[in-house]
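Student: Please take one loop position in this model and give me a close look at it. Then work outward from there to the parts that can be described with the same terms. Keep it brisk.

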Amino acid sequence: MIMLELRYSLVSDGSSDAALLPILSWLLHECGVKRAVQPSLADLRRLPHPPTSLENRIRLALELYPCDLLFVHRDAERQPLHQRETEIRSALDAFGSNFAPPWVCVIPVRMTEAWLLIDEAAIRHAAGNRSGRQPLEIPGLLQLENLPDPKAILHELLRQASGLQGRRLRQFRVTQSALRVSALATDFSSLRQLSAFQVLEADLKDTVQRAGWTVL
């Protein structure tokens, strides 16, 4: 029996967007997708002439990373979620009413790293010190959407969790470790308590059902 695939591409908004892929893959299955999920990160920053406008980034992403489902990520940061969604919709409207494939907005409040602050075990594992016992002051779940700088908090937690000191701590590759956190987590269900994640799941569930991906 041939296993059908669902290929999705994520139009990136920054260097940390790879951390969203395990979350999106998990969520697709939670929304009832029965197919093998094949993710791609459309990171266009290393091209000789990377596009600057969101419309051109989407256009080039579809050319280089053809897919069945397109995710477009923008961090809300200090902008209202609806404003970021309007920016994405405006960019997609430029393609006309026959735009394909189906698309879904991914708009974490503040920035992606806020969604990585939910799993202490994954943070310790990503820091290379899985059995560490250093106390970690991880923010409460309901605080995550109000943190001014989730990236700085995640990086500091990883440094603390590493248990390293001195020269070895200075050499610690914290950015690479941060990208591993979501890959080492196994359950993102607690994110359902966050408003931005609730919007993402509702939009994705509707898209999955309309596309018929819940059956083989």
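Tutor: Proline 135 is exposed, with a relative accessible area of 72%. Exposed means over 50% relative accessible area, buried means under 20%, and partly exposed is in between (1.4 Å probe, protein chains only). The model is predicted: local features need pLDDT of at least 70, side-chain atom pairs count only at pLDDT 80 or more, and totals for chains, interfaces and linings use all residues. Residues are numbered from 1 along each chain as its sequence is written, and side-chain values use heavy atoms, with hydrogens and water left out.

Proline 135 sits in the loop between α4 (120-126) and α5. Helices (H or I, at least four residues) and strands (E, at least two) are DSSP runs, numbered from the N terminus. From C-alpha to C-alpha, proline 135 and proline 48 are 44 Å apart in space and 87 residues apart in sequence. Proline 48 is also in a loop, the one between β2 and α2. Its relative accessible area is 71%, so proline 48 counts as exposed. From proline 48 to proline 22, C-alpha to C-alpha, the separation is 28 Å across 26 residues of chain.

Now go to the helix on the far side of the proline 135 loop. Helix α5 covers residues 150-162. Glutamate 156 belongs to α5. At 37% relative accessible area, glutamate 156 is partly exposed. Its C-alpha atom is 37 Å from that of arginine 59, with the two positions 97 residues apart along the chain.

Helix α5 has a partner, α7 (residues 174-184): their axes come within 10 Å and cross at roughly 100°. Axes are lines fitted to C-alpha atoms, for helices over the stretch in contact, and angles run from 0 to 180 degrees between N-to-C directions. α5 and α7 are therefore roughly perpendicular to each other. The classes are under 35 degrees for roughly parallel, over 145 for roughly antiparallel, 65 to 115 for roughly perpendicular, and oblique for the rest. On the α5 side, the contact is made by Leu154, His155, Leu158 and Arg159; on the α7 side, by Val174, Thr175, Ser177, Ala178 and Val181. That contact has 5 nonpolar, 3 polar and 1 charged residues. Contact here means heavy atoms within 4.5 Å. Ala, Val, Leu, Ile, Met, Phe, Trp, Tyr, Cys and Pro count as nonpolar, Asp, Glu, Lys and Arg as charged, and the others, Gly among them, as polar.

Helix α7 also leads to α1, since it is among the elements that cover the buried residues of α1. Helix α1 spans residues 20-30, and 8 of its 11 residues are buried. These are Leu20, Leu21, Ile23, Leu24, Ser25, Trp26, Leu27 and Leu28. The cover also includes β1 (5-11), β2 (36-42), β3 (69-73), β4 (103-106) and α8 (195-211).

Take α8 in particular. The axes of α1 and α8 come within 10 Å, crossing at roughly 55°. The pair is therefore oblique. The crossing of α1 and α8 is right-handed. A crossing is right-handed if the near helix is turned clockwise from the far one by less than a right angle, and left-handed if anticlockwise. In α1, Ile23, Leu24, Trp26, Leu27 and Leu28 meet Phe197, Leu200, Glu201, Leu204 and Val208 in α8. Of the residues in the α1 and α8 contact, 9 are nonpolar, none is polar and 1 is charged.

Look at both ends of α1. Just after the helix, glycine 32 has a positive phi of about 100°. Ahead of it, serine 16 lies in the loop between β1 and α1. Serine 16 is buried at a relative accessible area of 14%. Leaving out residues up to four places away in sequence, serine 16 touches Thr112, Glu113 and Leu179.

Finish in β1, the strand that holds serine 9. Serine 9 is buried, with 0% relative accessibility. A polar atom of its side chain lies 2.8 Å from the backbone oxygen of tyrosine 65. Beyond four places in sequence, serine 9 touches Ser40, Tyr65, Pro66, Cys67, Leu69, Leu70 and Phe71.

Terms used
Polar contact = N/O pair within 3.5 Å; in protein donor to acceptor, adjacent residues only side chain to side chain.
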